[in-house]
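Let's take a walk through this structure together. Have a look at the view below, and then we'll go from one chain as a whole to a ligand site.

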Amino acid sequence: MASAPPLYRIEGLTKIYGEGDTAIAALRGVNLDVPKSAMVVLLGPSGSGKSTFLNIVGGLDQATSGHVHFEDVELTNLDDNGLTEYRRHHVGFVFQFYNLVASLTARENVALITEIADEPMEPAEALALVGLESRLDHFPTQLSGGEQQRVAIARAIAKRPKVLLCDEPTGALDSQTGVRVLEALDQVNRELGTTTLLITHNAVIAEMADHVLRFADGQLADSRPNPKRRRPGDMKW
Amino acid sequence: MSLSPLDRKVLRDLWRMRSQAFAIALVIAAGVGMVVMSLGMMRSLDATRDAYYDRYRFADIFAPAKRARKSLLAEMGDIPGVSQIEGRITAGATLDVAGISEPITTRIHSIPASGEPRINALVLRSGRWPDPNRPEEVLASEKFATAARISLGDSVDALLYGKRQQLRVVGTALSPEYVYAIGPGQLFPDNRRFGVLWMGEEHLAAALDLTDSFNEALIRLDRAAVPDDVIAKLDNMLARYGGVSAYPRAEQISDRFVTNELAQLRTMTGILPPIFLGVAAFLINMVLSRLIDAEHDVIGLLMAFGYRGKAIMLHYAKIAVALSIPGLALGIALGSWMGRGLAGMYQEFFVFPFLTYRAGADIYALASLATLFVVLFGVFQSVRRVRRMTPVEAMRPPLPPNYAGGVAKLISRLRWLDEPTRIILRGILRRPFRSALGSLGVAAALGLYITSAGSSDNVAQMIDILFDQANRADVMVTFAEPRDERALFALARAPGVWRVEPMRAVGAKLSGARKSKSDGLTGATAGSDLNRLVGIDGAIIEPPARGVLVSYGLANELDLSAGDPIDVQITEGRRGRFELPVAGVIKSAVGSPAYVDMAMIARRMNEAPLASGAYLGVDPARIDDLFRYLKATPIIAGVFLRSASRTGLEETIGETMGIVTLFNTGFSALIVFGVIYNNARISLAERARDLASLRVLGYRRSEVSYILLGELAILTLAGLPFGIIFGYYLSQWLSASLGGDLFIIPFGLSASTVAWAVLIVLLAALLTALFVRRRLDSLDLVAVLKTWD
Ligand SMILES: Nc1ncnc2c1ncn2[C@@H]1O[C@H](COP(=O)(O)OP(=O)(O)O)[C@@H](O)[C@H]1O
Ligand SMILES: [Mg+2]
């Protein structure tokens, strides 16, 4: 990749769930550099270890062995408090399950994060970015599954994180809404230079990436740059 | 939008949980209310007594004599440590009051010519002080005047020292020495048949032939004085004048009862309320832990977004505190109100001229802090448990249960079980510890209920022992002075009397190795029928051939056990001094602390067997004739009726205890409802998703209800036996702990109380079931499909 120092330098990342006979190796020695401000798309069959990888990079889970360097920090050396500060200041998440707080409105779910961020957007602004400006005061149960996911995306981008980690963010969305969400992610990546790692099943989406990673069986099977990065609006699926 | 989103979540969560919050508030209110009520009542009674004694200068030492010159008082006042001394005349008399057929036992005290008594000062409640120039004018104790329907200006006939006198009541009064006013040998006040009169010293002295003399000195001590030294000196001085051993305030009968009752109350408040608060706190802790466990995904999310541990802890602490505050406030308000009410009610029982209510910020703070500590500790534990997971683990739905265990296999093998029942059993076994805690909560609540409601049984048992087994004489009479058998023969010929048994109380000072007490000895005869010594367990105890049977309380006080020698110093008659062995230590429901065989003690005292009174079996049809006879018989100093004492006891103790029991029972019923309701609500919250999924799959409402209510029923039923066992032992322990120096509370828990308690639990479960059932009918099926993929 580029010659500038990478945002992440990942070496021999291994994750084994369980012990003994029932142990499952979810990651088996992943080596990777993620350049700053890159848009990275992760592809791969279900169970290939994508989510596990993203969770460890996001400081949500502990690796079994290997190293994750984030700028000057080695994440794998951080304790619980260190990881908390890392997530708090640098990472935005969009989860596979929307994980909204049921007793908070859309606006409040976003405010939950802007509250503790350094230079956040207004929650309304973030929600407008995902096309939910008219749904600010609705509770999660009053929103469709797709709308809930868009609230989750607004929540992730609202704090202008250094890195945005999205685990299948468009899985539950129709293509029109999906494009809007991806446009929002693309815009944040271009304008704010937010490094974005995006897991998807949809190979077409890889066209919007600077870099495409393909996981298979807990290993990085393929890692190649995408020379012709496209705007999500120009993609078809 | 000034509130942070987490604080909004606090408010919304509280609103969502409002009905559960209400149940939690009830449980906390019960625990806190019980503590505030009991301690408040306790302190108020203590403070009231102290203030009364202090303001009305209750004597520190009482020094009775037969007849001593007044000039001796100055000499006695010079004893180091004595700050104030006053001589007075005290006498027993019987009254004949219009409208009451039986003679009324009274004590008469003199009022000094100088005006009002300076020691044991009187509180004038109505009317005026007697005119020193009118010998017939007297003050009467207020409760007696009311109970005997004596109005100001009414005349009563007194049989005083064998002479009939007409007295006129011109005022009513209270005295610190009659806070608990009972006749000689009695245990419970009977205000209609025992009264106190105060009359001008000159006239009382003339009637008793004690002019310029006194037969009782009242002494107030300096703060630094040593009472035993002063008593020893007083005894020395008064020995020549028929002094029968001075005694300290602690041995004065009214104070003794008051102290004893307060000690019992203190024990009770030391045992039950903390257990209440403990159980309430335990239940709240359990409820909160489960609530927080159910929020594990939110905690995981907050962790994922970089919320610090402290902020997460604070969020749940706020919810917990907000859930506790209504309960605390309600408990404090309710407890204070009831505490004051109860303290006031004790005025039925203890006569104080005023009530100093004390509850105090410290009690409120103590109860609140104890509650909040347990609550916050529960929050801390539960949040930490979730925080020990990684955010990913915390956000995931809980791991599917491990059904590999042996019991689970057994459930799978039981073919005849239908699927819903399997779900119930697996649900319970999946979290055996939590299920056990749920049952334990029911057990604790039931146990408290049984204990609270069981106090009435204990009182009923006590009344049974006292009046059906121990004291079976219809009438007890006391003599002005001990008499020989001829007095008994005379009584046997009195109208309506079909049986006479002697009563003997010997004035004596009993000493163990270190301590002594002027408690006297009670003589008993083997084979008595009208008055028997009955153990706390209901067994009849015969007097010992040798030695003294010592009551449990006295044995503790004088540090005596079977075989130890007691130094007996007789303070009447020929005043012998000898040693007797402790024949045994007995637990009797009530009664004088030391029993001896009547014939044995007479031999040791070198006198013919004497009686201080008699127990009479009387033909009820002729009881009025007997009363007429007794009124005319000068040797009779007091007349006591079993039926009246029984009614008095039932009305006073029964009522007071009844109210306390009612309050305690109410508080424990609150806990019962709170526990069961909370159990059900949390199960509902934890299971709502699964149950809705079953509904989606085509299960009927009734089948889904069956799953949840079946679990509730099993956990409740499983708690019942443990609750009964807990209640049984707690109530036994409580009654054993209440044993005082004057009486011991027997243990009389009845099957019907237990049955009622179980019924209350079942009722609570039924009401909860109806409520939960309604909730289940409105499960949101779509929400399940939407938020979970
Ligand atoms: N908590 C866990 N315990 C055990 N195995 C797990 C756990 N989480 C994931 N796995 C396993 O790790 C492998 C990788 O899972 P994941 O990273 O979720 O795959 P992907 O996101 O690519 O579908 C899978 O085989 C999965 O079953
Ligand atoms: Mg995945």
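Start with charge: chain B carries 85 positive and 74 negative side chains, and the centres of those two sets sit 10 Å apart. Keep in mind that what you're looking at is a predicted model.

Now step back and take in chain B as a whole. Its C-alpha trace spans about 105 × 60 × 50 Å along the principal axes, and the chain is built with 22 helices and 24 strands. Of its 789 residues, 57% are buried. How do the contacts run along the sequence? If you take contacts between residues at least 6 apart in chain B, 83% of them join residues at least 24 apart. On the outside, chain B exposes about 32800 Å², with carbon and sulfur atoms supplying 57% of that.

Next, find ligand 1. Which chains surround it? Residues from both A and B do, so this site is shared between chains. Chain B's Arg396 is there, along with chain A residues including A:Tyr17, A:Ile24, A:Pro45 and A:Ser51.

Zoom in on the oxygen atoms of ligand 1. A polar side-chain atom of A:Thr52 lies 2.5 Å from one oxygen atom of the ligand. The backbone joins in too: A:Gly49 has a backbone N or O atom 3.0 Å from a ligand oxygen, and A:Lys50 likewise has a backbone N or O atom 3.0 Å from a ligand oxygen. On its own, ligand 1 has 560 Å² of accessible area, and the protein covers 67% of it. Two elements of chain A, β2 (24-34) and α1 (50-57), each give two or more residues to the surrounding shell. The largest share, 3 residues, comes from α1(A).

Note on methods
Residues are numbered from 1 along each chain as its sequence is written. Chains are lettered from A and ligands numbered from 1 in the order in which they are written. This is a predicted model: local features need pLDDT of at least 70, side-chain atom pairs count only at pLDDT 80 or more; totals for chains, interfaces and linings use all residues. Side-chain values use heavy atoms; hydrogens and water are left out. Helices (H or I, at least four residues) and strands (E, at least two) are DSSP runs, numbered from the N terminus. Buried means under 20% relative accessible area, exposed over 50%, partly exposed in between (1.4 Å probe, protein chains only). Contact means heavy atoms within 4.5 Å. Accessible areas come from the Shrake-Rupley method with a 1.4 Å probe; for residues, only the protein chains shown count as cover. Lys and Arg count as positive and Asp and Glu as negative; His and the chain ends are not counted. The place of a charge is taken as NZ of Lys, CZ of Arg, CG of Asp or CD of Glu. A residue is near a molecule or strand if one of its heavy atoms lies within 4 Å of it. A polar contact is a pair of N or O atoms within 3.5 Å; within protein, one must be able to donate a hydrogen and the other to accept it, and residues adjacent in sequence count only if both atoms are side-chain atoms.
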